[in-house]
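Me: I should like to learn how to read the features of a structure that is new to me. Could we proceed one feature at a time?

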Protein chains: 2
Amino acid sequence: MELLKERIRRDGRIKDGNIIKVDSFLNHQIDIDLLNEIGKEYKRLFNKENITKVITIEASGIAVACLTARYFNVPVVFAKKSESKNIDGDVYRTTVTSYTRGKDYTVILEKRYLTSNDRVLIIDDILATGKAQLGLLDICKQAGAAVAGIGVVIEKGFQGGGDRLRKTGYNVQSLAIIDSMENKTLQFRE
Amino acid sequence: MELLKERIRRDGRIKDGNIIKVDSFLNHQIDIDLLNEIGKEYKRLFNKENITKVITIEASGIAVACLTARYFNVPVVFAKKSESKNIDGDVYRTTVTSYTRGKDYTVILEKRYLTSNDRVLIIDDILATGKAQLGLLDICKQAGAAVAGIGVVIEKGFQGGGDRLRKTGYNVQSLAIIDSMENKTLQFRE
């Protein structure tokens with residue numbers, strides 16, 4: 001998605017440790033117009049998939065998921081990172097390792113909101129090692145829900161998570177794939 | 001907002017401890033059509049306020065904030081609940097006590113995304129004791145940003161947070177105010 005790549009080139013800030021900060025438009029401050037265009041692009045890419053639900057993990061996936069679900073006319077469900085008094089039903093539970101936070105955490109999703117009748121589009125802002133996506137796939141498996149596809153805004157191709165998911169047969173659509181950030185220069189995959 | 005009250009009456013589940021679960025449409029599973037209507041309503045209520053930014057706290061405020069910001073054509077910035085490798089700039093920092101989680105936590109917002117040039121609409125899904133809103137107000141004060149208003153989807157009126165904010169002069173617009181849940185019966189404020 002050329003609009004997105006231009007934006008990453010212009011506003012992305014490359015940091016030590018293979019980290020790219022895109023928090024001026026994607027995951028801290030959010031450019032709603034850009035996310036609308038991203039939502040439209042996912043609609044184009046997954047239009048024939050009869051999606052019934054968009055799922056993501058809190059927090060930074062929620063904005064992309066909501067502005068994508070608009071175009072499919074389906075609800076969003078986001079996996080929650082911690083327990084609260086407000087969780088009382090039966091839940092699916094899985095463990096995710098965060099690359100940026102450097103630790104494991106449990107996410108939960110109430111069983112009533114994902115069932116074997118669902119055809120799911122998994123959405124997230126970043127795909128690096130793919131741990132968040134694997135967590136959501138595990139929840140879909142527990143629910144018996146079909147996974148129609150995985151939509152990612154920015155894939156860090158050099159970390160391999162996206163290609164591993166593709167090899168296992170998933171339709172992973174990343175709108176920008178960064179194959180290298182060597183010498184702080186961005187190389188996008190064609 | 002009648003559409004919202006009807007939805008709360010139909011799908012809200014009242015739990016012990018003055019808790020109402022609205023997670024089938026507002027803060028776990030998200031009904032995008034309803035949130036679009038909510039966004040439109042905030043646009044109507046704050047139309048003349050020259051809003052430059054919508055701010056909220058992760059995670060459950062993000063969906064409402066995004067689907068509201070669409071109508072104002074402004075960005076969203078959400079305060080983050082924890083530090084990660086991806087935070088490196090100067091940040092505003094404040095402490096919030098969570099009613100549902102029963103503990104204090106720190107939220108941060110990068111200084112570059114909120115300045116004294118901003119006129120802010122604070123958005124959240126629930127207002128109970130008002131602690132989350134006070135945290136965001138503190139961040140706005142640190143930034144020197146003007147607060148044009150506070151938009152809340154559901155206010156638990158009997159917990160007093162909304163009225164305390166109104167008494168200090170803030171324009172708090174809650175789309176449904178629950179004044180009582182005694183005997184598991186909802187009483188909305190007129």
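The dialogue below takes up helix packing, the contact between chains, strand pairing and exposure in this predicted model.

Me: At what angle do helix α3 of chain A and helix α3 of chain B pack?

Reply: One begins with the two helix axes. Here α3(A) and α3(B), each covering residues 61-72, pack at an angle of about 50 degrees, and their axes are 9 Å apart. Angles that are neither roughly parallel, roughly antiparallel nor roughly perpendicular count as oblique. That is why α3(A) is described as oblique to α3(B). The crossing of the two helices is right-handed.

Me: Which residues of α3(A) and α3(B) meet?

Reply: On the side of α3(A) they are Ile62(A), Ala63(A), Cys66(A) and Leu67(A), and they meet Ile62(B), Ala63(B), Cys66(B) and Leu67(B) of α3(B). By class, this contact of α3(A) with α3(B) has eight nonpolar residues, with no polar and no charged ones.

Me: How many residues of chain B are in contact with chain A?

Reply: The next step is to view the chains as wholes. There are 32 residues of chain B in contact with 32 residues of chain A. On the chain B side, the elements that give two or more residues are β2 (19-21), β3 (29-30), α3 and β5 (76-79). The largest share, six residues, comes from α3(B). This side of chain B divides into 14 nonpolar, seven polar and eleven charged residues.

Me: In which sense do β5(A) and β3(B) pair?

Reply: For strands, one looks at the sense of pairing and at the residues that stand opposite each other. Strand β5(A), residues 76-79, pairs with β3(B) in the antiparallel sense over two bridges. In β3(B), Ile30(B) is the residue opposite Val76(A). Within chain A, β5(A) also pairs with β4(A), residues 53-57, in the parallel sense over four bridges. There Ile55(A) stands opposite Val77(A).

Me: Are the residues of β5(A) that point either way buried or exposed?

Reply: Val76(A) and Phe78(A) point one way from the strand, while Val77(A) and Ala79(A) point the other way; all are buried.

Me: Why does Lys48(B) count as exposed?

Reply: One counts the C-beta atoms around the residue, and a residue is exposed if 12 or fewer others lie within 10 Å. Lys48(B) has 7 within that distance, and therefore it is exposed. Lys48(B) lies in the loop between α2 (32-45) and β4 (53-57) of chain B. From Gly12(B), Lys48(B) is 36 residues away in sequence and 32 Å away in space, C-alpha to C-alpha.

Key
Residues numbered from 1 in each chain as written. Chains lettered and ligands numbered in written order. Predicted model: local features only at pLDDT ≥ 70, side-chain atom pairs only at ≥ 80, totals over all residues. Axes fitted to C-alpha atoms, helices over the stretch in contact; angles between N-to-C directions. Parallel < 35°, antiparallel > 145°, perpendicular 65-115°, else oblique. Left-handed = near helix turned anticlockwise from the far one by under 90°. Contact = placed C-beta atoms within 7 Å. Nonpolar A, V, L, I, M, F, W, Y, C, P; charged D, E, K, R; others polar. Pairing = 2+ DSSP bridges. Buried ≥ 20, exposed ≤ 12 C-beta atoms within 10 Å, placed from the backbone.
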